[in-house]
Each structure stands twice: as structure tokens, then as C-alpha cells.
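Open the model in a viewer and keep the sequence panel beside it. The tour below goes stop by stop, saying what to select and what is there.

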Amino acid sequence: MNTLALIPIQTEEDIIIARKMGRELAQTLQFQSLDKARIITAVSELARNIYRYAGNGHIQFEPLEEPWKIGLKIIASDTGPGIPDIQKALVPGYSTIGGLGAGIPGVKKMMDEFYIESSPREGTRITAIKWQAIK
């Protein structure tokens, strides 16, 4: 499948645009209310992290279709400083700037699949997928 949308993240307004796109795609793919909320929250957290930590990057959306399920893949990419310790970043409550530390662990918990790659001075790429069975 092809990328449906690519939203650049450079300002706080871009976070709102990415959330809106996540909401629209979740509705188009007919996700249930709870999963729609999870998708919107995940997009918000990922976009906010790009804005806060990297300064710029993008959120990419891709619809997925398997024989018995459909899904939405969300890829958050940036060329920021990277995450120094991925294992620590995945622990709820861990924060490098004194925040709640719920962002990345929360996204991992809300989504069905979660992958993270990060290199110092090269940036971070997080892929999160939400699936639903075809009725």
C-alpha cells in the first residue's frame, strides 16, 4: 500500500494537523471509538516528541490490509539528536526533561505493533500499527 499522508512537524500547529489526519483516517478505516482515541493519542504523543526533542520531522500514515484485518501504520521520523538509551525511554515514568515520561511507553502500550530505531545525531524512527479485524 502507499503512504496516504505525510505531515511535516515543525510547529505546534503541525501537531494539531497530524492529530486531525489521524482522526480522519481512523474514521475512514472504521475503527471503534476506543481505538480511534488510541490512534489520535499516539499521533499526538509522537508528533509532540518530534517537536520537543528534534525540532522537525514528519508523521507518515499508511493504511494496511491483510486477509482478515485492516490497520493503520503511523511512522514518526526525525533527524534530531536521537534517543541515548532506548530501553530507558520505554520505561513508564522515565523522562529526560522532567516530564511525565508517558509518551513513548504509552504509544507502545496503546498500539498493536511498535518498533523504534534511534541513533545519536541521526534521529529516531518510530513505527506504530493499530489493527482491527474485518467484520
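The stops that follow cover salt bridges and then paired strands in this predicted model.

**Stop 1: a pair within one helix**

Side chains of opposite charge can pair when their charged atoms come close. The model has 4 salt bridges. Start with helix α1, residues 12-28, and select Lys-20 and Glu-24. These two form a salt bridge, with 3.8 Å between the closest N and O atoms. Lys-20 and Glu-24 are 4 residues apart in the helix, so about one helical turn separates them. Are they buried or exposed? Lys-20 is partly exposed because its relative accessibility is 47%, and Glu-24, at 35%, also counts as partly exposed.

**Stop 2: Lys-130 and Asp-35**

Next select Lys-130 and Asp-35, which form a salt bridge with the closest N and O atoms 3.6 Å apart. Which parts of the chain does this pair link? Lys-130 lies in strand β5, residues 123-133, and Asp-35 lies in helix α2, residues 33-54. The two residues are 95 residues apart, and the pair links distant parts of the chain. Both Lys-130 and Asp-35 are buried.

**Stop 3: Lys-130 and Asp-112**

Keep Lys-130 selected and add Asp-112. Their side chains meet in a salt bridge, 3.3 Å from N to O. Asp-112 sits in the loop between α4 (103-110) and β4 (113-119), 18 residues from Lys-130. Lys-130 has a relative accessible area of 4%, under the 20% cut-off, so it counts as buried. Asp-112, by contrast, is partly exposed, with a relative accessible area of 43%. Now add Arg-38 and Asp-35 to the selection: salt bridges that share partners join Asp-35, Arg-38, Asp-112 and Lys-130 into one network.

**Stop 4: strand β3 and its partners**

Select residues 69-78, which make up strand β3. How enclosed is this strand by the rest of the structure? Strand β3 is largely enclosed, because 8 of its 10 residues are buried.

Add strand β2, residues 57-65, which runs antiparallel to β3 and is joined to it by 9 bridges. A hairpin of 3 residues connects β2 to β3. To see the register, select Phe-61, which stands opposite Ile-74 in β3.

Finally, return to β5, the strand that holds Lys-130. Strands β3 and β5 also pair in the antiparallel sense, over 9 bridges. Select Ala-76 and look across to Ile-126, its bridge partner in β5.

Key:
Residues numbered from 1 in each chain as written. Predicted model: local features only at pLDDT ≥ 70, side-chain atom pairs only at ≥ 80, totals over all residues. Heavy atoms only, no water. Buried < 20%, exposed > 50% of the residue type's maximum accessible area, 1.4 Å probe, protein only. Pairing = 2+ DSSP bridges.
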